[in-house]
Amino acid sequence: MRLTKRGPSLSARAKVNLYLHVAAPDARGYHPLQSLVAFADIGDEVSLFKTEASAELLRPDLSLSGPFAEGLGAGEDNLILKAVRAFEATAGLRVDRHAIHLVKNLPIASGLGGGSADAGAVLHLLREAYAPDMADEALGAIAAKTGADGVMCLWARPSLAEGYGERLTSVTLPSVSAVLINPGVACSTAEVYRGFDAQGQFSRLDATAEDIVNVEVLTTFLAKTRNDLQAPAVAMQPVIGKVLASLAAQPETLFARMSGSGATCFALCRSDAEASTLGHRMQLMWSGAWIMPCRLG
């Protein structure tokens, strides 16, 4: 199969769990949750390339580049290709006119929903190219098949996520300056949840959203919430606790917490200038870490 022309591309924005409350597992072993999620103005990039398709083509090619491509496979277990398969089944067609390229800018297994965001981006691109009349509800149902973060990362807008992550209520958040930092360790979501279950400290899912008009109100609200997966993740990877302590000690940091099941942590700041200053200082303190000033919203 020969690539002939680059087609459309889309940013797969990083997801940040501003808080994450997790209840006891149900009979199936799944954990109901409640989370306020925001999305960064940084992420991976997913592109379609037109191809000269042949009758022998069984699947679209997925190629990878970018700083974190080496640790990611391009086989059928990649969430992008899982999304393609689900799209084909729902739309009743084959994705046979395009190959897919992923620029992997986000760390892997980092609590930023990167794989789900990649899957969401490719679903938007495939709908545009193959099934422009597909309803949002149908596209959301496909995204749900890719995992708990699938629907929220498909739409990539501030939301209160409930249920198992699929029940979303849009919320209004200010655009907030932030710094993301990943110390270069991976956190297995399954292992973090096993540690969480072993602690036996489950949440009641009763947090209520407030009228969040600026970063000060946001940080006051977040101080009354938690990330229930933070303690087991720190127990698994103690460096996460050290990063959080470093962030909390800096004058630009209004609030610091871990996102998702880790290991990426975030700090909220008053301005882009303060986020930039904080990012530079953290880079000196954590030279091997992935550090990225950004905006959340």
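In this predicted model, the backbone oxygen of tyrosine 19 lies 2.6 Å from a polar atom of the side chain of serine 35. Serine 35 also takes part in a polar contact of 2.8 Å, in which its side chain is joined to that of asparagine 17. The residue is placed in strand E2. Because its relative accessibility is 1%, serine 35 counts as buried. When its neighbours within four places in sequence are left aside, serine 35 is in contact with Asn17, Tyr19, Leu20, Ser159, Leu160 and Ala161.

**Nonpolar cores**

Strand E2, which covers residues 33–51, also contributes to the largest nonpolar core. This core has 33 residues, and those with the most contacts inside it are Val46, Ile80, Phe87, Ile100, Val122, Leu123 and Leu126. Besides E2, the elements that each supply at least two of its residues are helix H1 (79–91), strand E4 (98–103), helix H2 (114–130), helix H3 (136–144) and helix H4 (150–155). The largest share, eight residues, comes from H2. Valine 122 illustrates how distant parts of the sequence meet: apart from its neighbours within four places in sequence, it is in contact with Val46, Ile80, Ala83 and Ile100. A second, separate core has 27 residues, among them Ile42, Leu112, Leu268 and Cys294.

**Helix H1 and its surroundings**

Helix H1 can be checked by a simple calculation. At 1.5 Å a residue, its 13 residues should span 18 Å, and the C-alpha atoms at its ends are indeed 18 Å apart, so the two values agree. The buried residues of H1 are Ile80, Leu81, Ala83, Val84, Ala86, Phe87 and Glu88. The elements that cover these buried residues include E2, strand E3 (62–65), E4, H2 and H3.

Both ends of the helix have a local feature. At the start of H1, a side-chain oxygen of asparagine 78 reaches to within 2.8 Å of the backbone nitrogen of isoleucine 80. Just after H1, glycine 92 adopts a positive phi of about 70°.

The loop between E3 and H1 contains glycine 73. With 40% relative accessibility, glycine 73 counts as partly exposed. Its C-alpha atom is 9.4 Å from that of leucine 62, and the two residues are 11 residues apart in sequence. Outside its neighbours within four places in sequence, glycine 73 is in contact with Leu64 and Asn78.

**Aromatic rings**

A pair of aromatic rings is described by the distance of the centres and the angle of the planes. The whole structure holds five aromatic pairs. Two of them are set out below.

| Aromatic pair | Centre to centre | Angle between planes | Arrangement |
|---|---|---|---|
| Tyrosine 30 and tyrosine 164 | 6.1 Å | 65° | edge-to-face |
| Phenylalanine 196 and phenylalanine 202 | 5.4 Å | 80° | edge-to-face |

Tyrosine 30 belongs to the loop between strand E1 (3–22) and E2, and tyrosine 164 to the loop between strand E5 (159–162) and strand E6 (167–170), so this pair ties together parts that are 134 residues apart in sequence. Tyrosine 30 is partly exposed, with a relative accessible area of 47%. Tyrosine 164, at 29% relative accessibility, likewise counts as partly exposed. The ring of tyrosine 164 has a further partner: the charged end of arginine 28 sits over it, 5.2 Å from its centre.

In the other pair, phenylalanine 196 counts as buried because its relative accessibility is 1%, whereas phenylalanine 202, at 35%, counts as partly exposed. Both phenylalanines join Tyr193 in one aromatic cluster.

**Backbone features in loops**

Three alanines mark particular points of the backbone. Alanine 263 lies in the loop between strand E8 (255–258) and strand E9 (265–269). A cis peptide bond, with omega of about 10°, joins glycine 262 to alanine 263.

Alanine 109 has a positive phi of about 55° although it is not a glycine. This alanine 109 lies in the loop between E4 and H2, and its relative accessible area of 36% makes it partly exposed. Alanine 156 also has a positive phi, of about 50°, without being a glycine. The loop between H4 and E5 is the place of alanine 156. Since its relative accessibility is 17%, alanine 156 counts as buried.

Conventions: Residues numbered from 1 in each chain as written. Heavy atoms only, no water. Core = buried A, V, L, I, M, F, W, Y, C linked by side-chain atoms within 4.5 Å. Buried < 20%, exposed > 50% of the residue type's maximum accessible area, 1.4 Å probe, protein only. Helix = DSSP H or I, 4+ residues; strand = E, 2+ residues; numbered from the N terminus. Contact = heavy atoms within 4.5 Å. Expected span 1.5 Å × (residues − 1). Polar contact = N/O pair within 3.5 Å; in protein donor to acceptor, adjacent residues only side chain to side chain. Phe/Tyr/Trp six-rings, centres within 6.5 Å; stacked < 30°, edge-to-face > 60°. Lys NZ or Arg CZ within 6 Å of the ring centre and 35° of its normal.
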